[in-house]
Amino acid sequence: MPAPIRYVQDSRFFPESADVVVIGAGIAGTAAAYELAKQGVSVVLIEKGLVGGEQSSRNWGWCRQQNRDERELPLIIYALQRWQELGEETGEELGFRRSGLVYATSSQEDINAWDRWGQMAKAYGVRSDILTAAQAKAMTPGSTSRWLGGVSSPTDGHAEPSLASAGLAIAAQRLGAGVFQQCAVRGLDISAGKVSGVITERGLIKTPRVICAGGAWTSMFCRRHGIDLPLGNVIGTAFRTTPVEQAIRVPLYTPTFACRPQLDGSYTVSVSGRGRLSPGAQGLRYARQFWPTFKSRRKNLSLQLGLGPFISGPESLARWQFDRVSPFEKVRILDPAADRAMVAEGIAAMRKEYPALGEIRVEQAWGGMIDNTPDAVPVISTVPTLPGLIISAGFSAHGFGIGPGAGRLAADLATDATPVVDPTPFCYSRLIDGSGLNAPGMM
């Protein structure tokens, strides 16, 4: 069942050309389109389904520095600054609040890891406060666990996935961007070894620069053009509760569930760190690259085998011509089923931890497909073998919060501007030649 999203009206006139075309209207794509339009760049945003229809509306909504991989810290610091500015700047309600985040645990191992992370993060000016048992209890009033401790990140926050991508797309439209939904990009037009346009189901748009922010579909799209992009897709599950008198007033992570209060009094909930694999041809193709990460995190992953992913969707072996219906038109919106056992586990854990929420019910549940890189750090990069193409993908389950930063960095790369942060940690080449391909850091 799809997560709720705000509807966006398409632009009126389909263009023949643009300075930049952005493929994919999730948070990374809409943020890039907005930043480009703000600079006066002629930009067109193309979406095969609906704005925010896939993982950008299906995530937790957390906007955090806490527990980030060190390589991402400069970008998330900038992204939080942009989250703070964008509501007023665009006039759109994106749901962003600097509420702080709280993590509570009964594990000394967790506390030690959070403390090590906080010591590292001090060099970046990030605040991360280790909590004693008494402090963790005070910051989780009404909880039943006897916490050993926790961590608080008071400068972090959250936004609303159902509103954010749509709000940025609408704001970009007001600045002159074209936005077109239910319009798949079938491939790139290439001339003299460079990008010269995009071939859509509605016709050709001439452009010298393309930002591909296609989420779980990005590797398939790149492979059609001979570009090897190791991405592995994991299916996450989340659900929304009925509105209640809120007993939990800031986003909270516990060993058994994580939740975020919504503006209407409901919660978005998930089981902490869990997901399932349903591999197809792409999963097998990149199994070697992902094996070290899988070994370290397999206790949180379930495996679902079947022929479906080999036949359709972003993991399939699909081949297509640009003048024919593409895989992107056959599946307009990826809508994997929620893991019902995980939903039941999550709501039971929430009720057990907070007896005041004993009558809370599940209103809606959904699955979402998350594109991951082998080192859990995204690719936001030009591609040396195809000038004019910029990839923005592989956000590895923590892309929503970093979205405004990712959009700005991709926009800088598309316009040859000085990058807002050092793009080296996000370079495409590290996934191919292994340079800088370090083990995943904190999640």
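1. A word on terms before the cavities: Ala, Val, Leu, Ile, Met, Phe, Trp, Tyr, Cys and Pro count as nonpolar, Asp, Glu, Lys and Arg as charged, and the others, Gly among them, as polar. With that in hand, the lining of the largest cavity sorts into 3 nonpolar, 5 polar and 3 charged residues. Bear in mind that you're looking at a predicted model.

2. How many cavities of 30 Å³ or more are there? The count is 2. The largest has a volume of about 60 Å³, and the second largest holds about 30 Å³ of space.

3. If you want to find the largest cavity on screen, pick out its lining: P4, S57, N59, E160, P161, S162, R240, R260, Q262, T268 and W366.

4. For the second largest cavity, select I5, R6, V51, G52, P161, S162, L163, A164, S165 and A166. By class, that lining has 6 nonpolar, 3 polar and 1 charged.

5. P161 is worth a stop, as its name turns up in the lining of the largest cavity and again in that of the second largest. P161 sits in helix α5, which covers residues 161-174. Is P161 buried or exposed? It is buried, because its relative accessible area is 3%, and buried means under 20%.

6. Who are the neighbours of P161? Leaving aside residues up to four places away in sequence, P161 touches S56, S57, N59, G61, R260 and F400. Among these, S57, N59 and R260 also help line the largest cavity. T144, on the other hand, is 17 residues from P161 in sequence and 30 Å from it in space, C-alpha to C-alpha.

Methods
Residues are numbered from 1 along each chain as its sequence is written. This is a predicted model: local features need pLDDT of at least 70, side-chain atom pairs count only at pLDDT 80 or more; totals for chains, interfaces and linings use all residues. Side-chain values use heavy atoms; hydrogens and water are left out. On a 1 Å grid over the protein atoms alone, a cavity is a set of points where a 1.4 Å probe fits but cannot get out, and a pocket is an open set with protein on both sides within 12 Å along at least five of seven lines; lining residues have an atom within 4 Å of a point. Grid points are joined across faces, edges and corners, and a volume is the space filled by probe spheres set on the points. Helices (H or I, at least four residues) and strands (E, at least two) are DSSP runs, numbered from the N terminus. Buried means under 20% relative accessible area, exposed over 50%, partly exposed in between (1.4 Å probe, protein chains only). Contact means heavy atoms within 4.5 Å.
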